[in-house]
Amino acid sequence: MAAANPAKMLLGELTCSVCKDYFKDPVSLDCGHNFCQACITQCWEALSTNFPCPECRETFPQRNVKPNRQLRNIVEASRKLTRESTKEPEVERVCEKHQRAIDVFCQVEEMPMCAVCHLSRDHREHPAVPIEEAAEDYKDQIQSRLEILKKEREAILSFKLSGENKSQELLKELETEKQKIVSEFQQLSQFLKEQELLLLAQLEELNKEIKKRRAEYVAKLSEEISSFSSLIREMEQKCQQPASEFLQDITGTLSRCEREKFQNPVAFSSELKWRIWESSQRNASVETIMKKFTDSLSSRQRLDKVHVTLDPDTAHPELVLSADRKSVRRGDTWQALPDNPERFDTELCVLGCEGFTSGRHYWEIELKEGEVCIVGVARESVSRKGDIDFNPEQGIWAVLCNEDRYWALTSPDDLSPLSLSRAPRRIRVYLDYERGQVAFFDAGTGDPIFTFPPASFAGERIRPLFWAHALSVRLTPCP
């Protein structure tokens, strides 16, 4: 039997079984077979699960492909050897006007020409170099740009693969939560059956949203990869041209090489993960769901009166707390207190010892006439060091009291005074954790002062906050 042709064997190893051409951006599947990145993407374009290998038909649950850089380098080396072995001698181009060899490159006009053209009136004052020298200079420039383009393409490919894998993880978690909901809600009463249907509808919306975002993300990256691949292919072909042809419209060629750095779009925000987690929280055992439901109902019906005490570990060194820690005033000197992580070091703030992660609560603050303070609530994670912006974006929901005027600290750009019929001397702070609501009332009349839009506390502890500029704030027992 005749021995196999080594050249054909090598060609077979370097050829994609889908497009029958040399590998372009080869990737490997878990079964060990290799394909062009574009070819395998096209084969799996309409699939969302069970991705088959086009060669051995083994299926995989996820789009798990790995760039095969070693194979890519071998293919590039083989292509160069093939080109060198079949390279034909250059056909010398001649000037159409003078029928002389084009061997000079005008550096002002950036165009190749013959020696007679260079000596003509239009070009004699222009600096020029031999055409081969100019070609080498421009090839160096294009090669440096090619390296940037290739690195950018690799980065985009990495973004794409990462995004696809992330979408599969999210869809897998989504399917798991869906099965839990179906299994557990079958054991509940008609009321819980209605809740099951509602949750399944929400999950279906999430499923569609994830698939939609994945499709948009993959489409965007595929478009960018195709654009970069086309440009790189054009530049590689351009570099193989004879010098005189290569330098035609060299300015346009260089211009096409300049691409803005690709900004990876956000494919899957943490909000999706959070919404899946929210669903999982509702899908514990039937007993847990019922208990959470009754506890939540009880919590919504109950309004807890809180007797707030101030936390000395958080107090700014200029603030002086009373012995019972029920009032605070600004002192005349800086106290020698430890600079622990919990302590405010710039803003004249102190937090309440109490913290809340559920339920409805209220407490009251008594103010002396004509004094200045800020009262409200803050996240446990609120910044304690340096200057602080008092607004919900920074984790603070508060009102500023200055003599007879009040301001809601919604944002630094919106500090219009509130319209109140009278200046309250006692303020009631109301917190509904589940609804994410913070409100302020005149404790004497019950009239509302201000209510912030609902927020998401995301399970974080919320604590009373006080800022004392030049005052004595007294926390009064709730009636």
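## A buried position at the start of helix α7

A243 counts as buried, since its relative accessibility is 8%. In this predicted model, A243 is placed in helix α7, which covers residues 243-246. With respect to P112, A243 is 131 residues away in sequence, yet the two C-alpha atoms are 8.9 Å apart in space.

## Overall composition

The protein holds ten helices and 21 strands. Of its 479 residues, 41% are buried, while the surface that the protein exposes comes to about 27000 Å², with carbon and sulfur atoms supplying 50% of that area. When contacts with a separation of 6 or more are considered, 65% of them involve residues that are 24 or more positions apart.

## Two buried residues in the N-terminal part

Which part of the structure holds C16? C16 sits in the loop that runs between α1 (6-13) and β1 (26-28), and with a relative accessibility of 0% this residue counts as buried. Leaving aside residues up to four places away in sequence, C16 touches D21, F23, F35, C36 and C39. For one of these contacts, F35, the C-alpha to C-alpha distance from C16 is 5.3 Å, although the two residues are 19 positions apart in sequence.

Q37 belongs to helix α2, which spans residues 37-43, and Q37 is likewise classed as buried because its relative accessible area is 6%, under the 20% limit. Once residues up to four places away in sequence are excluded, the contacts of Q37 are K24, D25, V27, V65, L157 and K160.

## Salt bridges between separate elements

The structure contains 16 salt bridges. In one of them, the side chains of R330 and E318 meet with an N to O distance of 3.1 Å. R330 is part of strand β11 (residues 327-330) whereas E318 is in the loop between β9 (303-305) and β10 (319-321), so this pair ties together parts that are twelve residues apart in sequence. The two partners fall into separate accessibility classes: R330 is partly exposed at a relative accessible area of 32%, and E318 is buried at 19%.

A second salt bridge joins E364 and R426, whose closest N and O atoms are 2.9 Å apart. This pair links distant parts of the chain, with E364 in strand β13 (residues 360-366) and R426 in strand β17 (residues 426-432), 62 residues apart. Here E364 is the buried partner, with a relative accessibility of 1%, while R426, at 29%, counts as partly exposed.

## A network around E380 and R463

E380 and R463 also form a salt bridge, in which the closest N and O atoms are 3.1 Å apart. Distant parts of the chain are again linked, since E380 lies in the loop between β14 (372-379) and β15 (396-402) and R463 in strand β20 (residues 462-470), with their positions 83 residues apart. E380 is partly exposed, having a relative accessible area of 26%, whereas R463 counts as buried at 5% relative accessibility. What do the salt bridges that share partners join into one network? The residues joined in this way are D311, E380, R384, R461 and R463.

## A negative surface patch

On the surface, E132, E133, E136, D137 and D140 gather in a patch of negative charge. One member of this patch, E133, is located in helix α5, which extends over residues 131-185. The relative accessibility of E133 is 42%, which means that E133 counts as partly exposed.

## Two residues with positive phi

Residues other than glycine mostly have a negative phi. N50, which is not a glycine, nevertheless has a positive phi of about 50 degrees. N50 is found in the loop between α2 and β3 (51-52), where its relative accessible area of 49% places it in the partly exposed class.

R57 is another residue that is not a glycine and has a positive phi, in this case of about 70 degrees. R57 occupies the loop between β3 and β4 (59-60). Is R57 buried or exposed? With a relative accessible area of 53%, R57 is exposed, because this value is over the 50% limit for that class.

Technical notes
Residues are numbered from 1 along each chain as its sequence is written. This is a predicted model: local features need pLDDT of at least 70, side-chain atom pairs count only at pLDDT 80 or more; totals for chains, interfaces and linings use all residues. Side-chain values use heavy atoms; hydrogens and water are left out. Patches are made of residues with over 30% relative accessible area and no salt bridge: like charges are joined within 9 Å, nonpolar side chains (Val, Leu, Ile, Met, Phe, Trp, Tyr) within 5 Å. Accessible areas come from the Shrake-Rupley method with a 1.4 Å probe; for residues, only the protein chains shown count as cover. A salt bridge is a side-chain nitrogen of Lys or Arg within 4 Å of a carboxyl oxygen of Asp or Glu. Lys and Arg count as positive and Asp and Glu as negative; His and the chain ends are not counted. The place of a charge is taken as NZ of Lys, CZ of Arg, CG of Asp or CD of Glu. Helices (H or I, at least four residues) and strands (E, at least two) are DSSP runs, numbered from the N terminus. Buried means under 20% relative accessible area, exposed over 50%, partly exposed in between (1.4 Å probe, protein chains only). Contact means heavy atoms within 4.5 Å.
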